[in-house]
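Please look first at the chain as a whole, and then at a few of its parts. The paragraphs below lead from one residue to the packing of helices and finally back to the overall fold.

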Amino acid sequence: MHEWPLIAFTLLIQASVGTILLAGLFGCWINKTGGEALSFQLVRPVLLLTCLMTGIGLLFSVAHLGYPINAVNSIRHAGSSWLSREIIFTGTFFGVICLVTLRTLMTKRVFPTLLLIAAIVGLIDIFCMAEVYRHTMVATWAHINTQFTFFGSILTLGGCISLLLMAPRVKGQLSDALSFKIVFVAALFIGIGLIGRLVVLPCYISALPTLSLAGGVTFPIDAVAQFNQSAGLRLSGWLMGLFGLLLVVLAIYQGRSQVVAKYAGMLVFGSLVTIIAEIIARYSFFLIS
């Protein structure tokens, strides 16, 4: 298994996009109800972490390419290559995030519109990223499931990281109603990200025999055989992810409007469990030989 740089790169970029998407939404709400100063205080760590994750993700991408000059060479075919488009949009996303964060730090104000624009750039980047794998010669990637996998990770990781950063810090600073709203939407992101992938999974599994026999696919036997052999690993990832989601849902159900005050620890633990599940799932995605 030599794809750890790709595992780190894809997960970090997808987590950054999901986190910045929710940061824009939450920043808008907090601006209106808590004021710009409080919004800046709560969203600033999210922006700094997003810049860090994206920067580290780019370093892992360069590590996978082998030499920095390879990244430069890879962007020369944007008109015909999904890899070139991915590199361009990843770099653009990183640049936009850094500029928005810098402006936020200088003005001590959160600009939700700019954050949402950055998120849109990130979503385009993830689409290109998924198409890179869908158009490779690996049978288990040549399906719309790859798009569901990557976009599902955006929602799930974005929701988890938002809960990790926001839930312990909004206690006593926001109204119970807004705190509940933030937690509920983050949990909704996690749930949609997981359940959406589960919905497409039966279609994907039933299509694998056809994909393995499709013309132009170079490694059908190894990839599909490894997919079947790693069923236990994938199942453990799914069970862990659903368990993490269950913990978050139980915390919301039991705490209701007091969920942050009474069950912040459960929210954090459920988020951490779900993040570990995402790592397991991505490991199994790249486990093809």
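A residue counts as buried when its relative accessible area is under 20%. This cut-off is needed for serine 284, whose relative accessibility is 9%, so the residue counts as buried. The model considered here is a predicted one.

Serine 284 belongs to helix α10, which covers residues 259-286. Its surroundings can be described in two steps. Within the helix region, the side chain of serine 284 reaches the backbone oxygen of alanine 281, at 2.7 Å. Leaving aside residues up to four places away in sequence, serine 284 touches Leu233 and Arg234.

The next topic is how helices pack against each other, beginning with α1 and α6. Helix α1 spans residues 4-33, and its axis lies 7 Å from that of α6, at an angle of about 55 degrees. Angles that are not under 35 degrees, not over 145 and not from 65 to 115 count as oblique. The helices α1 and α6 are therefore oblique to each other. The crossing of α1 with α6 is right-handed. On the side of α1, the contact is made by residues including Thr10, Leu11, Gln14, Leu22, Phe26 and Ile30. On the side of α6, the participants include Phe150, Ser153, Ile154, Gly158, Gly159 and Met166. Sorted by class, the contact of α1 with α6 comprises 11 nonpolar and eight polar residues, with no charged residues.

Helix α6, residues 145-166, also packs with helix α5, residues 112-134. The axes of α5 and α6 come within 9 Å and cross at roughly 145 degrees. Here too the crossing is described by its hand: α5 passes α6 in a right-handed crossing. Among the residues of α5 in this contact are Leu123, Phe127, Glu131, Tyr133 and Arg134, while α6 contributes Thr146, Gln147, Phe150, Phe151 and Ile154. By class, the contact of α5 with α6 holds nine nonpolar, two polar and two charged residues. Phe150 and Ile154 of α6 take part in the contact with α5, and both are also listed in the contact with α1.

These helices may now be placed within the whole chain. What does its secondary structure consist of? The chain has 10 helices and zero strands. Read from the N terminus, its elements run α-α-α-α-α-α-α-α-α-α. Of its 289 residues, 51% count as buried, and serine 284 is one of the residues that count as buried. Finally, among contacts between residues at least 6 apart in sequence, 80% join residues at least 24 apart.

Methods:
Residues are numbered from 1 along each chain as its sequence is written. This is a predicted model: local features need pLDDT of at least 70, side-chain atom pairs count only at pLDDT 80 or more; totals for chains, interfaces and linings use all residues. Side-chain values use heavy atoms; hydrogens and water are left out. Helices (H or I, at least four residues) and strands (E, at least two) are DSSP runs, numbered from the N terminus. Buried means under 20% relative accessible area, exposed over 50%, partly exposed in between (1.4 Å probe, protein chains only). A polar contact is a pair of N or O atoms within 3.5 Å; within protein, one must be able to donate a hydrogen and the other to accept it, and residues adjacent in sequence count only if both atoms are side-chain atoms. Contact means heavy atoms within 4.5 Å. Axes are lines fitted to C-alpha atoms, for helices over the stretch in contact, and angles run from 0 to 180 degrees between N-to-C directions. A crossing is left-handed if the near helix is turned anticlockwise from the far one by less than a right angle, and right-handed if clockwise. Ala, Val, Leu, Ile, Met, Phe, Trp, Tyr, Cys and Pro count as nonpolar, Asp, Glu, Lys and Arg as charged, and the others, Gly among them, as polar.
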